[in-house]
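Reader: I would like to learn how to read salt bridges in a model. Could you walk me through them?

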Amino acid sequence: MTANRSYRKAVQSFRRLLNNVDDVTKEEIADVLEDTGPRLRNLIKLRTPFRTGALSRGIKYKVLRRALNLSVGVIGSPSVRGKLFYGYILNYGRRGGLRKATRRKKDGTTSNYTIRVKAIKGSGFVTGAGKLIRPEIQPKLTGIWDRILRRADRGS
C-alpha cells in the first residue's frame with residue numbers, strides 16, 4: 001500500500017514537472033513517443049500468442065501529444081476491445097477452479113450452471129515488452145532532459 005502511494009506521488013510530481021516544461025520540449029518528447037510507438041507495437045505483435053491472428057491484428061498504438069502519453073495494446077471502441085477480451089487473460093493469466101455461468105435460451109429464459117476453468121499462466125506479452133524497448137527510448141529522453149537542464153541553467 002505504501003509503495004503504491006509513493007508511486008502515485010512520483011507520477012503526480014513528474015506530471016507537474018512536464019506541465020511546466022516549454023512547448024518546444026513537449027514536442028520533442030512527443031516526437032520520441034511517436035517514433036517509439038510503431039516499434040513497441042511491432043515488438044508486442046511478435047510476442048503475441050498466435051492462433052487465429054485476430055489478437056495480433058488488434059494491437060494498436062496511440063500517442064496523446066498533449067498528455068505526453070503512449071498507449072500500446074488493444075485500443076479501440078468497446079466492441080473491439082470486447083471481442084479481444086481474452087488478450088487480457090493471456091497477458092495476465094487466470095486462476096483455475098469452478099465458475100458460475102449463465103446460458104441464454106432462444107425463448108429468452110436463462111439457465112445457470114457450473115463450469116470448471118483451467119488455470120492459465122500469463123505470458124506477459126504486453127506488460128513485459130516495456131523492458132525490451134526501454135534501452136532504446138532511454139538515451140533519446142536523456143538527451144532531451146540534458147537540453148532542458150542546460151536551457152534552465154542559462155535562464156531561458
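Reader: Let me start with one side chain: is glutamate 34 buried, partly exposed or exposed?

Author: Happy to help, and keep in mind that this model is predicted. The label partly exposed covers relative accessible areas between the buried limit of 20% and the exposed limit of 50%. Glutamate 34 has 31% relative accessibility, so it counts as partly exposed.

Reader: Which residue forms a salt bridge with glutamate 34?

Author: The general idea is to look for a side-chain nitrogen of Lys or Arg within 4 Å of a carboxyl oxygen of Asp or Glu. Here the partner is arginine 65, with the closest N and O atoms 3.6 Å apart. This pair links distant parts of the chain: glutamate 34 sits in helix H2, and arginine 65 in the loop between strand E1 (59-64) and strand E2 (69-74), 31 residues apart. Arginine 65 is partly exposed too, with a relative accessible area of 31%.

Reader: And what does lysine 140 form with aspartate 35?

Author: A salt bridge, in which the closest N and O atoms are 2.8 Å apart. It joins helix H6, home of lysine 140, to helix H2, home of aspartate 35, across 105 residues. Lysine 140 is partly exposed at 30% relative accessibility, and aspartate 35 is partly exposed at 33%.

Reader: Which residues are joined into one network by salt bridges that share partners?

Author: Those are Glu27, Asp31, Glu34 and Arg65.

Reader: How many salt bridges does the count come to?

Author: Seven. Among them is the pair of arginine 147 and glutamate 28, whose closest N and O atoms are 2.5 Å apart.

How values were computed:
Residues are numbered from 1 along each chain as its sequence is written. This is a predicted model: local features need pLDDT of at least 70, side-chain atom pairs count only at pLDDT 80 or more; totals for chains, interfaces and linings use all residues. Side-chain values use heavy atoms; hydrogens and water are left out. Helices (H or I, at least four residues) and strands (E, at least two) are DSSP runs, numbered from the N terminus. Buried means under 20% relative accessible area, exposed over 50%, partly exposed in between (1.4 Å probe, protein chains only).
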